[in-house]
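This report looks at aromatic pairing, nonpolar packing and backbone geometry, in that order. The sequence and the model are shown first.

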Amino acid sequence: MALVNVVNMVVLDNPTQFSSPFQFEITFECLQELDDDLEWKVLYVGSAESSTHDQVLDEILVGPIPVGTNKFVLQADAPDASELPEDSVLGVTVILVTCSYKEQEFVRIGYYVNNEYSQPFDPEVGPPKPIHMPHVVRTILADKPRVTRFPIHWGEQPVIEQQSQPQLQQSDPMMDPMTSVEMDDESRYVENVSDDDMGYGRASDSGTPIIKQKLLGFGSNVVSPGMSYDDDAMVMA
């Protein structure tokens, strides 16, 4: 049984400019006292062609974790556009938020991200190059998270392996244009997502998680209404 369960995640400041920081309001419950901190990571998939363009936007340690329900806002700087392939700046990609305990990832929440050029341009020619980044608008498909949970060792108790469940079907036709992302090399991220600060602590009813260390310096599940889940995946209904 997982000792930490993500209850809800809200994407803040969406849509926004490409250069604006990512902000996620995360609510999670802790069922018993933990021996170590939680490590949260924000990763931006820079290209479907190669993992070399992936960017870890932030990594933070949060702790000590009070037993009960906790809430905080995880904020991470936007990706460095100069490190992205020019043909991958616009269009659909993926942002991942992961959480690990004692270097074991136990939950991964993924969102599809669409970057659009906001100024008029000739569709036969495309946006001007080099792309003027202040004109790029980032929209996160916030109501379609893809959540995958992994069994880990929380302490001396052995991991209770989860029974395999059939994959949930994508019923929203709006997801179809994004399916191609899953077929590329980035499937190591996206297939888990589809299987189903500069951050800072914010006081909760049961206590205040404290972000203890900035690692990089870049800037039973309970589900919220409208979400459904099985043992392997959780998606918006």
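In this predicted model, the structure holds 9 aromatic pairs. One of them is formed by F28 and W40, whose rings lie 5.9 Å apart centre to centre with 50 degrees between their planes, and this pair is classed as tilted. Because F28 belongs to strand β3 (residues 22-30) and W40 to strand β4 (residues 38-44), the pair ties together parts that are 12 residues apart in sequence. F28 is buried at 0% relative accessibility, and W40, at 1% relative accessibility, counts as buried too.

Aromatic contacts also extend beyond that pair, since ring pairs link F22, F24, Y44 and Y111 into a cluster. F22, a member of this cluster, also has a charged partner, as R138 lies over the face of the F22 ring at 3.8 Å from the ring centre.

**Nonpolar cores**

Which residues have the most contacts inside the largest nonpolar core? This core has 41 residues, and the ones with the most contacts inside it are F24, I26, L34, L38, W40, I95 and F106. The strands that each supply at least two residues of this core are β1 (4-12), β3, β4, β5 (55-62), β6 (68-76), β7 (91-101), β8 (104-117) and β9 (136-140). The largest share, 6 residues, comes from β8.

W40 thus appears both in the tilted pair with F28 and among the residues with the most contacts inside the core, while F24 appears in the ring cluster and in that list of core residues.

The surroundings of L38 can be given in detail. When neighbours within four places in sequence are left aside, L38 is in contact with V4, F28, I60, L61, V62, I65, C99, S100, Y101 and F106. Among these partners, F28 is the residue that pairs with W40, and F106 is itself one of the residues with the most contacts inside the largest core. A second, separate core of 5 residues includes L43, V94, L96 and Y112.

**Cysteines**

How many disulfides does the structure hold? The count is 0. C30 is buried, with a relative accessible area of 3%, and C99, which is among the contacts of L38, is buried with a relative accessible area of 0%.

**Backbone geometry**

The backbone features considered here comprise cis peptide bonds and positive phi values, and they are collected in the table with the loop in which each named residue is placed.

| Feature | Value | Place |
|---|---|---|
| cis peptide bond, N14 to P15 | omega about 0 degrees | P15: loop between β1 and β2 |
| cis peptide bond, K129 to P130 | omega near 0 degrees | P130: loop between β8 and β9 |
| positive phi, D13 | phi near 50 degrees | D13: loop between β1 and β2 |
| positive phi, K102 | phi about 50 degrees | K102: loop between β7 and β8 |

The loop between β1 and β2 (16-17) holds P15, which is joined to N14 by a cis peptide bond, and D13 is placed in that loop as well. D13 is a residue other than glycine with a positive phi, and at 41% relative accessibility it counts as partly exposed. K102, likewise not a glycine, is partly exposed at 39% relative accessibility. Are D13 and K102 buried or partly exposed under the cut-offs used? Both count as partly exposed because their values, 41% for D13 and 39% for K102, fall between the limits of 20% and 50%.

Terms used:
Residues are numbered from 1 along each chain as its sequence is written. This is a predicted model: local features need pLDDT of at least 70, side-chain atom pairs count only at pLDDT 80 or more; totals for chains, interfaces and linings use all residues. Side-chain values use heavy atoms; hydrogens and water are left out. Rings of Phe, Tyr and Trp (its six-membered ring) pair if their centres lie within 6.5 Å; planes under 30 degrees apart count as stacked, over 60 as edge-to-face and the rest as tilted. Helices (H or I, at least four residues) and strands (E, at least two) are DSSP runs, numbered from the N terminus. Buried means under 20% relative accessible area, exposed over 50%, partly exposed in between (1.4 Å probe, protein chains only). A charge sits over a ring if NZ of Lys or CZ of Arg is within 6 Å of the ring centre and within 35 degrees of the ring normal. A disulfide is a pair of cysteine sulfur atoms within 2.5 Å. A nonpolar core is a set of buried Ala, Val, Leu, Ile, Met, Phe, Trp, Tyr and Cys residues joined through side-chain atoms within 4.5 Å. Contact means heavy atoms within 4.5 Å.
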